[in-house]
Amino acid sequence: MSRLEQQLADSLCVREKGSRLRRLVIDDSDSIDFSSNDFLGLSRSLKMRNDYLNELNSMPQILGSTGSRILTANSKYVEDLEQYLSTFHRAPSALIFNSGFDANYSLFSTIPQQGDIILYDALIHASIHEGMKHSRAGRLIAFAHSDISDLKRHIDTLKNTKQNIFVSIESVYSMDGDVAPLSDIVSLLRSYWPNGENGHLIVDEAHGTGVFGEHGRGVVQQLNLQDQIFARLHTFSKALAGSGAVIFGSQTLRQYLINYARPFIFSTYMPYSGLALIKTAYKQLESKETVKAQKHLNAIIRRFRDTICLPPVAKLLPSTGPIQGIILSGTAAVKSFEDYLNSQGFIVKAVMFPIVPKGEERIRICFHAHNTVAEIDKFVKCIHQFFRIYYLKSKM
């Protein structure tokens, strides 16, 4: 083994000893899915499958991408799709990216000008951190998670700056499942800059898409705040069972990204088949079946929260959406929790440091429209059983 190979192997050993080694796992069991982001169950929907195949059959003969969109991969199909999405989300323009990571990276590495300031929620996604790291921003300032007072404290020190100020949040946070105080943040920014002169809000709606708002339009539109947001990002890879993402904003923002966003310029664009899947998923959002699925999803979330009963050693996160979480401090404890639930036929994953802060290790739970009330009740029963066993072992 070369010196480099040994160094790599040693790093992996350290991670394995800390129970933090990631592995790719193929789950071909009959276990109940309480882990994936397929919130609406569209990835297993027969209607979605049939509509998608019909859309493919109606498309041009070319299914592949053929290259970068800047060069050969632009088409009337994708431009019509972006127009449809911007109408659906009540935005001036839309620009589709290959992934949510690419979209966030492009937005934050490209838009802030030399010396600008970015205020970001402490729990924002890694893709935003990567974009900020490669931006021209002069200062990157974290504020306490969803804490309006802390955000105000930072803005007070910056209100007279001539630089652009960006505030970055998620509408629904991926690890905690809680909803951002969006109305309060908008009101705060408008109290400093009534006409939006220098406070630019960017909202990542990745986990709000398809689940919140009428027909799954997201939290921003649920609160009718779309005209108060500088840029919105929606992904297609969670509730919509596809891949890729879209950035909504002004026509100027769209044109700037086309000219300066390196992942957009230098990546082979997504194939027609991927675009067709996006269009098909959005058509599902407007169907009666999906409205019914959303109601069922909300009902089982309430059922879970109404019936779960945890001991003082554990904490249920305050989420009203499909992402739920039970904190059980310590890597060993939360890993045993994961193993027990897996052994009982439930697919759940433990989330540990450094993805979440030390002491806040948790089981991340995702509910879906295809889950049944009986599955929820069985799941809750198993959680209660685990803590009875856990308490017995901890006292021996």
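What volume does the second largest pocket have? In this predicted model, that pocket holds about 280 Å³. It is lined by 17 residues, and Ala122, Leu123, Ile124, Met175 and Ile355 are the ones closest to its centre. Sorted by class, the lining comes to 10 nonpolar, 3 polar and 4 charged residues.

**The open spaces**

Now for the largest pocket, which has a volume of about 1,300 Å³. Its lining counts 44 residues, and if you want to find the middle, look for Arg22, Arg23, Lys349, Ala350 and Ile355, which lie nearest its centre. Ile355 is worth a second look, as it is listed nearest the centre of the largest pocket and also among the closest to the centre of the second largest pocket.

Several elements help to build the wall of the largest pocket. Helices H1 (3–17), H5 (100–110) and H14 (331–343) each supply at least two residues, and so do strands E7 (231–235), E11 (346–347) and E12. The class split of this lining is 16 nonpolar, 15 polar and 13 charged.

**The closed spaces**

Rolling a probe the size of a water molecule over the atoms shows where empty space is left. Searching the whole structure turns up 2 cavities of 30 Å³ or more. The largest cavity has a volume of about 50 Å³, and the second largest about 40 Å³.

Around the largest cavity you'll find Ile96, Phe97, Asn98, Asp102, Pro263, Phe264, Ser267, Thr268 and Tyr269. Strand E2 (93–97) and helix H11 (262–266) are the elements that give two or more residues to this lining. The second largest cavity is lined by Gly64, Ser65, Ala73, Ser75, Tyr269, Met270, Pro271, Tyr272 and Leu275. Tyr269 turns up in the lining of the largest cavity and in that of the second largest.

Here are the two cavities side by side:

| Cavity | Volume | Lining by class |
|---|---|---|
| Largest cavity | about 50 Å³ | 5 nonpolar, 3 polar, 1 charged |
| Second largest cavity | about 40 Å³ | 6 nonpolar, 3 polar, no charged |

**A covered strand**

Next, have a look at strand E13, residues 362–366. Is it mostly covered or mostly open? E13 is mostly covered, with 5 of its 5 residues buried. Arg362, Arg364 and Cys366 point one way from the strand, while Ile363 and Ile365 point the other way.

E13 has partners, too. Strand E10 (residues 323–328) pairs with E13 in the antiparallel sense over 5 bridges, and strand E12 (residues 349–351) does so over 3 bridges, again antiparallel. Arg364 makes a handy landmark here: Gly325 stands opposite Arg364, and so does Lys349. Lys349 also appears among the residues nearest the centre of the largest pocket, which takes us back to where E12 helps to line that space.

**Cysteines without a bond**

How many disulfides does the structure hold? The count is 0. Take Cys366, the buried residue in E13: its sulfur is 18 Å from the closest cysteine sulfur, in Cys382, so the gap is too far for a bond. Cys366 counts as buried because its relative accessibility is 0%.

Why does Cys309 not form a bond either? The closest cysteine sulfur to that of Cys309 is again in Cys382, and at 16 Å it is too far for a bond. Cys309 has 54% relative accessibility, so this residue counts as exposed.

How values were computed: Residues are numbered from 1 along each chain as its sequence is written. This is a predicted model: local features need pLDDT of at least 70, side-chain atom pairs count only at pLDDT 80 or more; totals for chains, interfaces and linings use all residues. Side-chain values use heavy atoms; hydrogens and water are left out. Buried means under 20% relative accessible area, exposed over 50%, partly exposed in between (1.4 Å probe, protein chains only). Helices (H or I, at least four residues) and strands (E, at least two) are DSSP runs, numbered from the N terminus. Two strands pair if DSSP finds at least two bridges between them. On a 1 Å grid over the protein atoms alone, a cavity is a set of points where a 1.4 Å probe fits but cannot get out, and a pocket is an open set with protein on both sides within 12 Å along at least five of seven lines; lining residues have an atom within 4 Å of a point. Grid points are joined across faces, edges and corners, and a volume is the space filled by probe spheres set on the points. Ala, Val, Leu, Ile, Met, Phe, Trp, Tyr, Cys and Pro count as nonpolar, Asp, Glu, Lys and Arg as charged, and the others, Gly among them, as polar. A disulfide is a pair of cysteine sulfur atoms within 2.5 Å.
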